[in-house]
Amino acid sequence: MAHVITPEGIQTEVTPKNGSTFTLEECQGFVGGFIENVPLPNKPIGFDVMLCDEEYLIKKMDGQEIHINMYASILAHQEIYGNVFTCHATPEGEYVE
């Protein structure tokens, strides 16, 4: 299963529009910008990929409030901000449910 997880802890299940793999545009839409693969020291059950917005902090430098994603930060063992997208990846590098 693939999910979008907000900084508030809200998890929303998502499915690919084409029924099999997520497009780059879908992934970018989930996190709100360019995607960055977040290394996960211990693979959690249910997914093996976590993506975030690689420019989240740059976008927020204009004085807007920054939202840390505690769930993602705990899993990644580093501070993660904004929405994250979790899913599985195929050996070919495609993002799937």
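This is a guided tour of one chain, stop by stop, with a selection to make at each.

**Whole chain**

Start with everything shown as a cartoon. The model is predicted. Look for three helices and six strands. Going from the N terminus, the order of elements is β-β-α-β-β-α-α-β-β. The radius of gyration is 13 Å, close to the 13 Å that the globule rule gives for 97 residues, so the chain is as compact as a globular protein of that length.

Now show the C-alpha trace alone. Along its principal axes it spans about 40 × 25 × 25 Å. Among contacts with a separation of 6 or more, 54% join residues 24 or more positions apart.

**Surface and charge**

Switch on the surface. The chain exposes about 5,800 Å². Carbon and sulfur atoms supply 55% of that area. Of the 97 residues, 39% count as buried.

Next, colour the charged side chains. There are 4 positive and 15 negative ones. The centres of the two sets lie 3 Å apart.

**The largest nonpolar core**

Hide the surface. Select Ala2, Val4, Val14, Phe22, Cys27, Phe30, Val31, Val49, Leu51, Phe85, Cys87 and Tyr95 and show their side chains. These 12 residues make up the largest nonpolar core. Strand E1 (2-5), helix H1, strand E4 (49-53) and strand E5 (84-89) each give two or more residues to this core. Which element gives the most? Helix H1 does, with three residues. In soluble globular proteins, nonpolar side chains tend to be buried together.

Another core, of 11 residues, lies apart from this one. To find it, select Ile5, Val38, Met50 and Ile80, which are among its members.

**Phe85**

Go back to the largest core and centre on Phe85, one of its members. This residue sits in strand E5. Phe85 has a relative accessible area of 0%, so it is buried. Show what surrounds it. Beyond its sequence neighbours up to four places away, Phe85 touches Ala2, His3, Val4, Val14, Phe22, Cys27, Phe30, Val31, Val49, Met50 and Leu51. Then add Cys52 to the view. Phe85 and Cys52 are 33 residues apart along the chain, with their C-alpha atoms separated by 6.6 Å.

**Leu51**

Move to Leu51, a contact of Phe85. Leu51 belongs to strand E4. Is Leu51 buried or exposed? Its relative accessibility is 0%, so Leu51 counts as buried. Setting aside neighbours within four places in sequence, Leu51 is in contact with Cys27, Val31, Ile35, Glu36, Asn37, Val38, Asn83, Val84, Phe85 and Tyr95. Now draw a distance to Ala72. Its C-alpha atom and that of Leu51 are separated by 9.7 Å, and the two residues are 21 apart along the chain.

**Gln28**

Step to Gln28, in helix H1. With a relative accessible area of 22%, Gln28 is partly exposed, because the buried class ends at 20%. Leaving out neighbours within four places, Gln28 is in contact with Gly33, Phe34 and Ile35. Pick Cys52 again. From Gln28 to Cys52 the C-alpha distance is 8.6 Å, across 24 residues in sequence.

**Thr21**

Select Thr21, in the loop between strand E2 (11-14) and helix H1 (24-31). Its relative accessibility is 18%, so Thr21 counts as buried. What covers this loop residue? Show Pro16, Glu26, Glu94, Tyr95 and Val96. Those are the contacts of Thr21 once neighbours within four places in sequence are left aside.

**Glu13**

Now go to Glu13, in strand E2. Glu13 has 46% relative accessibility, so it counts as partly exposed. Not counting residues up to four places away, Glu13 touches Met1, Ala2 and His3. Zoom out and add Glu55. The C-alpha atoms of Glu13 and Glu55 are separated by 24 Å, and the pair is 42 residues apart along the chain.

**His77**

Finish at His77, in the loop between helix H3 (70-76) and strand E5. At 56% relative accessibility, His77 counts as exposed. Check its backbone. Most residues other than glycine have a negative phi. His77 is not a glycine, yet its phi is positive, at about 60 degrees.

Conventions:
Residues numbered from 1 in each chain as written. Predicted model: local features only at pLDDT ≥ 70, side-chain atom pairs only at ≥ 80, totals over all residues. Heavy atoms only, no water. Helix = DSSP H or I, 4+ residues; strand = E, 2+ residues; numbered from the N terminus. Rg over C-alpha atoms; globule rule 2.2 N^0.38 Å. Buried < 20%, exposed > 50% of the residue type's maximum accessible area, 1.4 Å probe, protein only. Contact = heavy atoms within 4.5 Å. Areas by Shrake-Rupley, 256 points an atom, 1.4 Å probe, with all protein chains shown as cover. Lys, Arg positive; Asp, Glu negative; His and termini not counted. Charge placed at Lys NZ, Arg CZ, Asp CG, Glu CD. Core = buried A, V, L, I, M, F, W, Y, C linked by side-chain atoms within 4.5 Å.
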